[in-house]
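Trainee: Could you take me through one stretch of this model in detail, and then show me how its surroundings fit together?

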Amino acid sequence: MKVVVVGAGPAGIRAVEQLVRAGVTPTWIEESPDGGGRITQRPPAGFTRSAAALYGADAGRARRLHATLDAMKPRTDWRPDTLVWNIRPQDRVLHTQTDGAAQAEVPYDALILCTGAMDRVLPLPGWTLPGVTTLGGAQVALKAQGVGIGAKPILVGTGPLLWLTALQYAKAGAKPALVLDTTPFLTKAWQAAGMMWNAPTFLRGIGIMAALRLRGVPIAEDATPLAIEGVEGATALHWRDAAWKEHVTPCDAVALGWGLKPESQLADLAGVPFDYDALQHNWVPRRDAAGRAPVAGVYMAGDGAGIGGAEVAELSGARAALALLADAKLPSDAALTAHLDGRLRTEARFRAALERAFPYPAKLAARMEDSTPVCRCEVITAGELRAAAAADAPEMNRAKAFSRIGMGRCQGRLCGTPAAEVLASALGVTVAEVGRLRGQPPVKPIPLQQPAA
Amino acid sequence: MQADVLIVGGGGAGCSAALHLAKRGVRVVLLERGLVGSQATGVNYGGVRQQGRHPAGIPLARKSREIWSRITELTGADVEFDPCGHLKLARSEAEEAELLRWNALAAEHGLHPRMIGRNAIRERFPHFSDVVIGGSLMEEDGSANPRLLAPALARAARAAGATILEHHAVTELAHDGAAFDVRANGTHFTAPWLLNCAGFWGGAIAARFGEPVPVEKLHPNMLVTEPLPYFLRESLGVVGGDLYLRQIPRGNVIFGGGRGESDAAISVTRPRPEAAFGAMQRAIAVIPRLAHAMVIRSWTGTDGEMPDHFPVLGPSRTTPGLVHAFGFCGEGFQTGPGVGAVLSELVMDGATDVPLEAFDIGRFTAAPGAV
């Protein structure tokens with residue numbers, strides 16, 4: 001049986017572990033030079049900072065994950081630096097490109113997609129200036145390369161990653177000029193009971209917030225970012241506090257992020273239907289609790305199958321592999337399956353509270369100024385998108401046809417979420433009704449010049 | 001709902017017919033299964049090309065080209081029509097001879113392509129490789145944005161009084177000898193005229209009225225690169241048609257060649273990697289500087305293709321009031337506006353100035369000798 005696992009983050013590592021345990025030798029494809037995922041991002045070989053320095057409270061989990069990753073590589077057909085850019089579900093074949101060149105067709109009988117997530121961004125004036133990146137990007141720079149985006153960065157958005165990244169920067173010696181959380185303190189406090197479903201994580205979050213305050217990092221909650229200022233690069237953030245007083249805070253870099261969105265293009269190309277998850281504010285590929293997609297042979301786990309975080313990714317990765325094994329009538333651990341199902345149910349309750357605690361500020365996106373570029377690849381402004389709505393674009397793909405939104409290099413990975421908010425509010429409908437941008441291969445750009453076969 | 005004319009299919013031909021009829025005061029209802037311009041009209045290369053057509057198709061292409069000249073005024077919208085010229089390249093002496101042969105034919109039909117010889121092409125297009133040994137330029141040909149044409153025609157048709165109904169898939173079709181009864185989205189529509197502009201699916205409508213034709217699906221395999229410095233104004237083709245390529249002013253190079261595929265079970269069309277690689281290779285062979293450009297998207301859609309490469313265009317042989325316009329074999333984007341005009345003339349005047357003999361559905365359905 002040919003099993004392919006795409007992705008070697010927490011979900012992929014735990015999926016492969018279960019497959020190998022059952023005697024399966026999967027093909028394991030990872031887009032980066034090494035596995036480890038983003039939260040437990042591995043620095044390149046030769047970097048010497050300790051796990052404790054890199055991952056803080058996640059150090060133990062990171063060490064265990066990386067140990068499993070390294071143990072599993074030789075027991076699989078390990079293919080790092082490899083992009084899966086297309087799927088033909090009718091033939092069960094993946095098209096891959098390694099090191100930006102060598103093409104291969106990888107057949108599969110069963111496929112586990114562990115494709116992860118990316119930051120959800122809310123465009124504001126100045127967001128395309130040099131020095132502006134995402135929270136995830138800022139964190140990866142620190143963990144993978146040991147560099148910060150700036151010495152006095154401003155971190156803007158909402159969600160656990162905002163606070164975690166701020167603390168990591170403070171600990172690394174940067175002096176964050178401001179942590180701006182668009183969510184009011186009380187919105188978060190109200191969800192405290194729900195977040196007790198994962199008490200250690202919740203308490204850690206409280207600890208992070210307290211540690212930042214203790215270090216004297218300026219914090220603004222229930223605040224609104226108005227514009228990033230600068231000419232050659234970001235030099236200040238113009239923002240408004242909860243009392244509607246406006247401020248201009250100098251900085252040398254800005255990181256933005258309002259939660260995460262699944263990187264689910266491969267599920268889309270595989271023909272998996274999507275549903276709108278109103279709580280997460282995301283389109284999520286359809287799967288059952290174990291990770292089975294309604295497309296035969298396709299399984300999904302981790303944030304790519306709906307945002308759950310790194311811990312859930314480990315659980316859901318193992319669970320999807322067990323589902324695959326059970327479906328294939330191969331030995332699978334029934335006790336572990338039951339244990340994982342229980343944990344995943346509990347974590348879902350925690351996640352629901354977390355999503356309520358750090359909501360995507362959809363109204364800010366809907367109110368975006370006409371001149372703000374939503375799509376940075378094609379430089380399409382909110383005003384142009386509203387013009388498309390006025391020209392009778394009742395859904396996202398028609399808006400794309402009229403305005404070029406999502407037609408650029410990123411194919412809407414970045415702009416799709418805020419564009420849907422702008423379009424929905426212009427049309428006076430819900431964001432679910434405007435749909436989502438249809439996926440087309442290649443998932444990421446490939447060069448015209450292909451090596452001779 | 002009662003109308004004078006029912007149109008099934010909201011591609012370029014159907015939307016143009018709706019516009020031309022509405023402008024003449026006709027009560028016209030257009031039924032479109034999805035959104036207008038979602039299939040062949042919306043996903044094709046965007047070539048506004050007369051060059052290379054069979055002589056039997058030139059009068060229709062010329063009529064349509066005349067409409068393209070006033071497309072902005074006709075639709076009240078910018079559909080990015082640019083008469084940038086269509087340059088058809090020869091990569092061998094045999095291909096060069098083919099260009100000369102067609103140019104002589106075209107001259108008989110009032111078209112004036114111009115040969116560009118080896119030295120001139122090298123001089124004028126320094127980014128071409130030595131593979132290119134000559135070309136033929138049709139200066140009045142060009143390109144437009146396929147995503148904009150059908151919606152622009154539909155918008156103008158609405159403004160002229162037409163009823164354009166999207167998300168109205170036709171589920172029943174009948175004719176009682178005098179009028180058509182069409183059911184779509186739960187509503188009955190009746191009219192003495194029915195225009196079959198349903199693309200590949202037009203074959204099913206023809207079959208419903210006792211005129212089955214051998215129409216096949218055609219899925220053009222399309223690709224686009226990231227924006228590159230602007231270096232190419234003309235739209236390019238090659239003899240044999242296995243590559244077509246143009247650059248839009250913002251820099252992206254749009255090209256195609258080969259065929260995509262479809263999965264009937266889930267009504268999905270997909271570009272084919274093998275076709276994409278072929279087109280990529282042929283593009284680099286002609287323009288080496290594209291080697292390191294990145295393809296950012298590929299796509300396809302569904303057109304109808306006939307075995308003799310002519311569309312089915314003209315009155316039904318079985319059913320009075322039924323007029324067919326489908327199976328445009330990948331060449332319908334240019335002709336769409338003209339086809340709509342022809343259909344409006346057939347309905348209103350009982351005749352058109354475009355010879356339609358070659359496109360008659362009877363070529364597939366009539367008994368030999370019976371015309």
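Mentor: Sure, let's take residues 380-451 of chain A, whose end C-alpha atoms lie 35 Å apart. That span is 40% helix and 6% strand, counting DSSP runs (H or I, at least four residues, for helices; E, at least two, for strands; numbered from the N terminus). An unreviewed UniProt entry places "domain: SoxA A3" at residues 380-451 of chain A; such annotations may be inferred rather than shown by experiment. Bear in mind that this is a predicted model: local features need pLDDT of at least 70 and side-chain atom pairs pLDDT 80 or more, while totals for chains, interfaces and linings use all residues. Residues count from 1 along each chain as written, with chains lettered from A and ligands numbered from 1 in written order.

Now for the link between the chains. Strand β23 (residues 446-447) of chain A runs antiparallel to β20(B), joined by 2 bridges, and DSSP pairing asks for at least two. Opposite P447(A) you'll find M294(B) in β20(B).

Zooming out, 24 residues of chain B are in contact with 18 residues of chain A (C-beta atoms, placed from the backbone, within 7 Å). On chain B's side, α7 (146-159), α9 (273-286) and β20 (294-299) each give two or more residues. The largest share, 6 residues, belongs to β20(B). By class, chain B's side has 17 nonpolar, 2 polar and 5 charged residues; Pro joins Ala, Val, Leu, Ile, Met, Phe, Trp, Tyr and Cys as nonpolar, Asp, Glu, Lys and Arg are charged, and the others, Gly among them, are polar.

What about the cores? Nonpolar side chains tend to be buried together in soluble globular proteins. Here, the largest nonpolar core has 173 residues, and L6(B) and A18(B) have the most contacts inside it. A core links buried Ala, Val, Leu, Ile, Met, Phe, Trp, Tyr and Cys through C-beta atoms within 7 Å; buried takes 20 or more other C-beta atoms within 10 Å. Helix α10 (residues 310-327) of chain A gives this core its largest share, 11 residues. Over in chain B, A18(B) touches I7(B), V28(B), L30(B), A157(B), A162(B) and I164(B), leaving aside residues up to four places away in sequence. There's also a second, separate core of 68 residues, which includes V132(A), Y360(A), A382(A) and L437(A).

Note on methods
Buried ≥ 20, exposed ≤ 12 C-beta atoms within 10 Å, placed from the backbone. Contact = placed C-beta atoms within 7 Å.
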